[in-house]
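Subject: Structure handover

Hello,

Here is the structure for your files. My notes on it follow below.

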Amino acid sequence: MKVVSTSNAPAAIGPYSQALDLGNMVFVSGQIPVDPATGKMADTVEEQAAQSLANLKAILAEAGLTMANVVKTVIFLADINDFAAVNAEYAKAFAEPFPARSCVQVAAIPKGAKLEIECIAVRG
């Protein structure tokens, strides 16, 4: 097992910019919507979803994978009413058939974000 982290992630993201590479499987920790270039977070849930997915794509690339390798995602939302907006961004990031996913509302998201997205990806 090895820890994978992106070289361009700001310290503000911390463990949220990491993945665990288990050989044939990679678990990516919850990606929060912090822009690595600025260390800032967007205001709208759509922009935050797009940024979280971009961060997810970047950490997968560091592990030698793409979004096509993702088999399962979990989306944590501060407000479940934001699901439709997040789902629209999700559909832009993944090709059909979409990976299996769960979406849950939680009491608090790290660093004041509206959402975070984690995944499991496989090689081969």
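To start with one residue, M25 sits in strand β3; helices (H or I, at least four residues) and strands (E, at least two) are DSSP runs, numbered from the N terminus. This is a predicted model, in which local features need pLDDT of at least 70 and side-chain atom pairs count only at pLDDT 80 or more, while totals for chains, interfaces and linings use all residues. Residues are numbered from 1 along each chain as its sequence is written, and side-chain values use heavy atoms, with hydrogens and water left out.

M25 has a relative accessible area of 34%, which makes it partly exposed, because that class lies between buried (under 20%) and exposed (over 50%), with a 1.4 Å probe and protein chains only. Together with V3, L20 and L22, M25 makes a nonpolar surface patch of about 310 Å². Patches take residues with over 30% relative accessible area and no salt bridge; like charges are joined within 9 Å, and nonpolar side chains (Val, Leu, Ile, Met, Phe, Trp, Tyr) within 5 Å. Areas come from the Shrake-Rupley method with a 1.4 Å probe, and for residues only the protein chains shown count as cover.

On the interior: the largest nonpolar core (buried Ala, Val, Leu, Ile, Met, Phe, Trp, Tyr and Cys residues joined through side-chain atoms within 4.5 Å) has 24 residues. V28, L56, L60, V86, F94 and L115 have the most contacts inside it. At least two core residues each are supplied by β3 (25-31), α1 (45-62), β4 (70-77), α2 (83-93) and β6 (115-122). The largest share, 6 residues, is from α1. Neighbours within four places in sequence aside, L56 is in contact (heavy atoms within 4.5 Å) with V28, Q31, M67, F94, I117 and C119.

On charges: the whole structure contains 2 salt bridges, each defined as a side-chain nitrogen of Lys or Arg within 4 Å of a carboxyl oxygen of Asp or Glu. R123 pairs with D21, with the closest N and O atoms 3.0 Å apart. This pair links distant parts of the chain, 102 residues apart: R123 is in the segment after β6 and D21 in strand β2 (residues 18-21). R123 is partly exposed at 29% relative accessible area, whereas D21 is buried at 10%.

K92 and E89 also form a salt bridge, at 3.1 Å from N to O. Both lie in helix α2, 3 residues apart, about one turn of the helix. K92 is exposed at 65%, while E89 is buried at 14%.

Regards
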